[in-house]
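Hi,

Here is the structure I promised to pass along. Have a look at it first, and my notes come after it.

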Amino acid sequence: MVSKKVEKALNEQIEAEMASSQYYLSMASWAETKGFNGVADFLYKQSDEERGHMLKLVKYINERGGQALVPALKGQPKSFKSLTFVFEELLKHEISVSKQINELIAICLEERDYTTQNFLQWYVSEQIEEEALARTIMDKMRLIGNDKGGLYLFDRDISTIAVTSAAAANPA
Ligand code: OFO
């Protein structure tokens, strides 16, 4: 059984995961309208992953005797300054989610809820992977700058960057 305090914190995490999913979806849609189809596919996938993170929390809270709450949708930006800006935001966002997960774990320890703390370890590993991926992408974006040819190749190759970075973050 989760305590009220842990339940509240987990519900806040649901909101954070949902906000990530919505934010990345708006980025994906914007990128698609700008002709960056590779980037759009990548962001649609990230958005789906975040929804998956949210669902995992919903099921966990309910399984542990709490009630998962579905938060209201917040508005999302319609446009973004540049691709670099999109990925800067993505990295910033992931870093803040990692912090939030750490705070959530601190609450679990305070409440001596080792089961939830254990459950949250999955999110800790996931965040390491997602931050590593966002950093790899940002490094590439910095190299490319506004070079059109570079952006074309980046858009074409982003799915490979994602696979390589995931393998590096999770060596077999
Ligand atoms: Fe990448 O935010 Fe979920 O965990």
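Below is what I found, starting with how to read the values.

This is a predicted model, in which local features need pLDDT of at least 70 and side-chain atom pairs count only at pLDDT 80 or more, while totals for chains, interfaces and linings use all residues. Residues are numbered from 1 along each chain as its sequence is written, and side-chain values use heavy atoms, with hydrogens and water left out.

The largest nonpolar core (buried Ala, Val, Leu, Ile, Met, Phe, Trp, Tyr and Cys residues joined through side-chain atoms within 4.5 Å) has 28 residues, and Val39, Leu43, Phe87, Ile137 and Phe154 have the most contacts inside it. Helices H1 (4-33), H2 (37-63), H3, H4 (114-144) and H5 (148-169) each supply at least two of its residues; helices here are DSSP runs of H or I, at least four residues, numbered from the N terminus. A second, separate core of 20 residues includes Ala9, Val58, Leu104 and Leu120.

Phe87 lies in helix H3 and counts as buried because its relative accessibility is 1% (buried means under 20% relative accessible area, with a 1.4 Å probe and protein chains only). Beyond its neighbours within four places in sequence, Phe87 is in contact (heavy atoms within 4.5 Å) with residues including Val39, Ile137 and Phe154.

Ser98 is also placed in helix H3, residues 83-110, and is buried at 13% relative accessibility. The side chains of Ser98 and Glu131 share a polar contact of 2.5 Å (a pair of N or O atoms within 3.5 Å; within protein, one must be able to donate a hydrogen and the other to accept it, and residues adjacent in sequence count only if both atoms are side-chain atoms).

Best wishes

Terms used. Buried means under 20% relative accessible area, exposed over 50%, partly exposed in between (1.4 Å probe, protein chains only).
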